[in-house]
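Please open the structure in a viewer and keep the sequence panel at hand. The tour proceeds by selection, one stop at a time.

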Amino acid sequence: MMPQPLQIINPDGAGPVVIICEHASAYIPAIYDDLGLAHDDLKSHAAWDPGALDLSLKLSADLDAPVVASTVSRLVYDCNRPPEATSAMPESSELIDVPGNRDLTPADRQARATAVYDPFCAAVSQILDARGSNTVLVTVHSFTPVYFGQPREVEIGLLHDDDSRLVDAMLEHIGRLPGRKVARNEPYGPGDGVTHTLRLHAQPRGLPNVMIEVRNDLMRSEHDIAERAREILLLLEPAVMDMNSMERTS
């Protein structure tokens, strides 16, 4: 039996931010027989974003923000991808093969979208629609420090699609993080298909938005998580205040 594919934490949070964590879990329901993955691959970064849920929960506590988090591995269905995208149910992730995603029929793909993606999107929409336009959408992810054998120097990525307002405002405060390597649209960008949640849920509603990517070797302990949350808030909180001030004077 397929479990509930999402959890909602602090649904009545009254702060200005809503947090989405699409890759919060490495859990693969039994009906998918581990997707044929090797044992060591089941908890690897291919299956989820290590540290992303813990960081989301810390930010939620600090901001009094609702969180919508997936409870199913992105290898079953990546909730940051539309059903038509091959990467929604990838046959491989970096150097890891996913045998259980090979030769999926259209009916197989639709069944996974119905089981995982549709209820996740419905939950996000319900929360956003109930709050109205005075909301900032933040999605939280992590990335591996080495990808296809190449080290990544960026430590925190601030990603956006067509709407760059919030990222622009956050980068205005980059001087608050001396020594931290923060970059716009790194290590991924819109051309990599990673901004689906922003495009689907934030942009049509006119909500300021950002996809935050943190290198996962910087989130290995509770202390790390607390420090990364503190650093993100040094950029995010004044940016939200700046945007609210601009709206009041416009």
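The stops below visit one helix and then one pocket of this predicted model.

**First stop: helix H2.** Select residues 106-131, which form helix H2. The C-alpha atoms at its two ends are 36 Å apart; this agrees with the 38 Å that 26 residues should span at 1.5 Å a residue. Now centre the view on Thr-114, where H2 bends by about 40°. Then move to Gly-132, which follows H2 and has a positive phi, near 85°.

**Second stop: the buried side of the helix.** Which residues of H2 are buried? Select Arg-112, Ala-113, Val-116, Tyr-117, Phe-120, Cys-121, Ala-123, Val-124, Ser-125, Ile-127 and Leu-128 to display them. An α-helix has 3.6 residues a turn, so residues three or four places apart point the same way. To see what covers the buried residues of H2, add strands E1 (6-9), E2 (17-21) and E3 (67-70), together with E6 and helix H4 (196-202), which are among the covering elements.

**Third stop: the largest pocket.** Select Arg-74, Arg-81, Ser-93, Tyr-147 and Tyr-188, which of the 28 lining residues lie nearest the centre of the largest pocket. Its volume is about 520 Å³. Next, show strands E4 (92-93), E6 (136-143) and E11 (209-215), the elements that each give two or more residues to the lining. E6 provides the largest share, three residues. Finally, colour the lining by residue class: 10 residues are nonpolar, 10 are polar and eight are charged.

Strand E6 links the last two stops, as E6 helps to cover the buried residues of H2 and also contributes to the lining of the largest pocket.

Key. Residues numbered from 1 in each chain as written. Predicted model: local features only at pLDDT ≥ 70, side-chain atom pairs only at ≥ 80, totals over all residues. Heavy atoms only, no water. 1 Å grid on protein atoms, 1.4 Å probe; cavity = no way out; pocket = protein on both sides within 12 Å on 5 of 7 lines; lining within 4 Å. Points joined across faces, edges and corners; volume = space filled by probe spheres on them. Helix = DSSP H or I, 4+ residues; strand = E, 2+ residues; numbered from the N terminus. Nonpolar A, V, L, I, M, F, W, Y, C, P; charged D, E, K, R; others polar. Expected span 1.5 Å × (residues − 1). Bend = angle between axes of the 7 residues up to and from the residue. Buried < 20%, exposed > 50% of the residue type's maximum accessible area, 1.4 Å probe, protein only. Contact = heavy atoms within 4.5 Å.
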